[in-house]
Amino acid sequence: MNSFIEVTDKKSNEKILINTMLIVDVRGNCITTTLGFTIYKYKTLETYEEIIEKLAAK
């Protein structure tokens, strides 16, 4: 089952949904995801602890 977490993009200050199945790495406030052979990095306003809490809740 796919689930999503909502984070705030640091550049645009917009809320984005990230599929938790695609998350490869979380370091500090940076989330790395992959889709096929493409790697996406999102810098968020949330801290590492807040991101991990959201992932643990799913």
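User: Let's start with salt bridges. How many are there in this model?

Analyst: The general idea is to look for a side-chain nitrogen of Lys or Arg within 4 Å of a carboxyl oxygen of Asp or Glu. Keep in mind that this is a predicted model. Here the count comes to two salt bridges.

User: Which residue does aspartate 25 pair with?

Analyst: Aspartate 25 bridges to arginine 27, and their closest N and O atoms lie 2.9 Å apart.

User: And what is the partner of glutamate 46?

Analyst: That one is lysine 54, with 3.7 Å between the closest N and O atoms.

User: How do I read burial for these four? Is glutamate 46 buried or exposed?

Analyst: Go by relative accessible area: under 20% is buried, over 50% is exposed, and partly exposed is in between. Glutamate 46 has 10%, so it counts as buried. Its partner lysine 54 is partly exposed at 28%. In the other pair, aspartate 25 is partly exposed at 25%, while arginine 27 is exposed at 62%.

User: Now the inside. Which residues make up the largest nonpolar core?

Analyst: For a core, you look for buried nonpolar residues joined through side-chain atoms within 4.5 Å. In this case there are seven: Ile5, Val7, Ile18, Ile23, Val26, Ile31 and Ile51. At least two of these residues come from strand 1 (4-8), and strand 3 likewise gives at least two.

User: Let me zoom in on valine 7. What is it in contact with, leaving aside neighbours within four places in sequence?

Analyst: Its contacts are Glu14, Lys15, Ile16, Ile18, Ile31, Thr44, Glu46 and Lys54. Two of those names should ring a bell, since Glu46 and Lys54 form a salt bridge with each other. Ile16 is worth a look too: isoleucine 16, in strand 2, is the bridge partner of valine 7.

User: How do strand 1 and strand 2 run, and how many bridges join them?

Analyst: They run antiparallel, joined by five bridges. Six residues sit between the two strands of this hairpin, and asparagine 13 takes a positive phi near 60° there.

User: Last one: the surface. Which residues make the nonpolar patch?

Analyst: Met21, Leu22, Leu35 and Tyr40 make a patch of about 390 Å². Residues need over 30% relative accessible area to be eligible. Leucine 22, at 31%, is partly exposed. You'll find leucine 22 in the loop between strand 2 (15-19) and strand 3 (23-27).

Notes. Residues numbered from 1 in each chain as written. Predicted model: local features only at pLDDT ≥ 70, side-chain atom pairs only at ≥ 80, totals over all residues. Heavy atoms only, no water. Patch = residues over 30% accessible without salt bridge, like charges linked within 9 Å, V, L, I, M, F, W, Y side chains within 5 Å. Areas by Shrake-Rupley, 256 points an atom, 1.4 Å probe, with all protein chains shown as cover. Helix = DSSP H or I, 4+ residues; strand = E, 2+ residues; numbered from the N terminus. Buried < 20%, exposed > 50% of the residue type's maximum accessible area, 1.4 Å probe, protein only. Contact = heavy atoms within 4.5 Å. Pairing = 2+ DSSP bridges.
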